[in-house]
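User: Could you take a close look at one helix for me and tell me how it sits among its surroundings? I'd enjoy a connected walk-through.

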Amino acid sequence: MQDLIQHLINGLGLGAIYALIALGYTMVYGVLQMINFAHSDVYMVGAFAAYYAARWFNLESMPGVVSFAILLLAAITGCALLGLLIERFAYRPLRNAPKLNILITAIGVSLLLEYSGQVIFGADPKVFPEVLNNTPLFEMAGVSFKLFDFLVIGVGLVAMAVLHFLIYHTKQGRAMRAVSVNPRVASILGVNVDRTIVFTFVLGSALAGVGSVLVGVKYPKIEPLMGMMIGLKAFVAAVLGGIGNIMGAVLGGLIMGLSEEMVVAYLSSTYRDAVAFGILILILIVRPSGLLGRNQTEKL
Amino acid sequence: MKSSLTAVLALAFVVGCTKNENEIVVGEYGSLTGGMATFGVSTHKGIQLAFDEINDKGGIKSKKIKLITLDDQGKDTEVASVVTKLITQHKAVAILGEVASGLSKVAAPIAQQNKVPMITPSSTNPEVTKLGEYIFRVCFIDPFQGFVMAKFASENLKAKKAAIFRDVKNDYSVGLADVFAAEFKKMGGEIVIDTAYQQNDIDFKAQLTQIKSKTPDVIFVPGYYTEVGLIAKQAKELALTAPLLGGDGWDSPKLNEIGKDAINGNYFSNHYTTESTDPATIEFVTKFKAKYNEVPDGLAALGYDAARILAAAMERTTELTPSNIRDEIAKTKEFIGATGKITINEERNAVKSAVVVQVENENRKYVTTVSP
């Protein structure tokens, strides 16, 4: 029993991280119907932005909430700026190009970031600054509940709620939904399509920034290729929940985290990644639009 | 345009092939960047120190040693190309490298095929030197490290139940884990759980929770420092108190940077310790500190020994050809190295003792020596 509770906490903590990154994939897909493969590398850059900010301000010598907030701010700023640049210079020129071109460009941007990262930051892993203590909050059934697990789950849920509100209850959100349905008609009706898309990218990237700091604090090892695996898993999570659906991304992330944890706990750790991608294959066969996704007929 | 390109290529070819008669070219390949970067960088410092010393004393047969170091980024795809480059383009008479056994195994067939001797300073997987009569090592092998830690666990720590947590994708880790399991059982212990992770994983809590439920006395984690640091940290978060044991893959300052205080008190087997009273070790540590202003780790010491054994073999040859050098390396006996007395046996492995050290922040506290 004690083990099961511990496994559940571990799994939810991991799942919340997948969820945060999955939200970024899902938002961009929701509006543009494109998969932004560079998203996981934006996340990596966020971690490094926070890392260098911490060195610059020497934050490790003064751990606390303020330092944590500065790290978050640095990562969010770095990611948002990068998201802006990627949208402006890589994707916007291809706005009217076939989907496949955009997809390939996304993979190109992803590789560019990964390998420039190795040159600029160095390929050796860096140690993320320790600014928060993982204090145990309370104990139940012999399992101690730690701050970080709640922090990531909490942030994940808050991010989901904020996004949901933003998309369904604000003017900006209405514009996003309009662009998602039909960008041309939306522009005729006075929606600034470019600005809406930029907003989507910046917001999605900022979420990656938040995710990167949470991961950095929890697993203090960062390197230029850190986004690859976690990005793929988050992508699976987004597809699982129904890509384009905010709630679906969070649900998908949590399911992914929990199922990975349970596989390691009760089957074998070598099947961990196999299960993650097995889920992807299964969902594509059984329910291609995901758990909460809308069924859409492809227009040919 | 085409002719200028041809000219550039021709020039590059000429430059690449220029051979200075007063130099002996020795090639080194290692992970100077990547997840095992501190391994490659430390080894390189040791090798460089040895060759600088020899060159300062006039070199070998009044020729200077020219060390060419190429970065393989810790990737097996890179290893093949850099080693081929060292042999065919730079015409190295001997090759030094790699730390990781998996990478040495990629390089060894290439060296063997070209009949160029290769000495790996610190690849401990037994298979490496079996790949050909041109492949040597100056360190002990995995069975020995597994044996050392099994003996240490059951005799010094009086452990009855051990857990194994291996890096399933890593030859080195799997080798150590297998031998540890066999030896520990022979000594009357029990392996309560044998579970695995993969290099580059960052979350180990699922496996650690599972290990915790089996209440082992010790946990054998024969991995590399980056993962071990995170494992120690997460084990502490789960209140898993059994000591972690490991091999020389732990030997890096980054172990402490990542693991912080969670790594303290754990043990690993190593090639040498800076606390040694052996005069050869003390001399090496002093020289290393003077040159680099830092304390050398085990890999630096092995790099130093590998380079000096190679140099000594070259000095003994009548004519400096790769095959002569090979024959002389094979004759190495009771060489006084920084990591102890080294004798190369018929399997081209080094016969020597190992030490067990305890992590105490930046220090590695000497605990015991285990002889073969």
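Analyst: Happy to! Keep in mind that this is a predicted model. Let's take helix α4 of chain A, which covers residues 99-120. With 22 residues, α4(A) reaches 31 Å from its first C-alpha to its last, close to the 32 Å expected at 1.5 Å a residue.

Now for the side that faces inward. The buried residues of α4(A) begin with A:Ile102, A:Ala106, A:Val109 and A:Ser110, and continue with A:Leu113, A:Glu114, A:Gly117 and A:Gln118. The spacing of such a list is easier to read with one rule in mind: an α-helix has 3.6 residues a turn, so residues three or four places apart point the same way. As for what lies over these buried positions, the cover includes three helices of chain A, namely α2 (39-57), α3 (65-91) and α9 (227-241).

One residue of α3 deserves a closer look. A:Tyr91 has A:Ile102, A:Thr105, A:Ala106 and A:Val109 among its contacts beyond four places in sequence. Other partners of A:Tyr91 include A:Met34, A:Asn36, A:Ala38, A:Ile86 and A:Phe201.

A:Tyr91 also matters for the wider picture: in the largest nonpolar core, which has 83 residues, A:Tyr91 is among those that touch the most other members, together with A:Leu23, A:Leu71, A:Ile86 and A:Met256. Helix α1 of chain A (residues 2-32) gives the most to this core, with 13 residues.

Finally, the far end: just after α4(A), A:Gly122 takes a positive phi of about 90 degrees.

Key:
Residues are numbered from 1 along each chain as its sequence is written. Chains are lettered from A and ligands numbered from 1 in the order in which they are written. This is a predicted model: local features need pLDDT of at least 70, side-chain atom pairs count only at pLDDT 80 or more; totals for chains, interfaces and linings use all residues. Side-chain values use heavy atoms; hydrogens and water are left out. Helices (H or I, at least four residues) and strands (E, at least two) are DSSP runs, numbered from the N terminus. The expected span of a helix is 1.5 Å times one less than its number of residues. Buried means under 20% relative accessible area, exposed over 50%, partly exposed in between (1.4 Å probe, protein chains only). Contact means heavy atoms within 4.5 Å. A nonpolar core is a set of buried Ala, Val, Leu, Ile, Met, Phe, Trp, Tyr and Cys residues joined through side-chain atoms within 4.5 Å.
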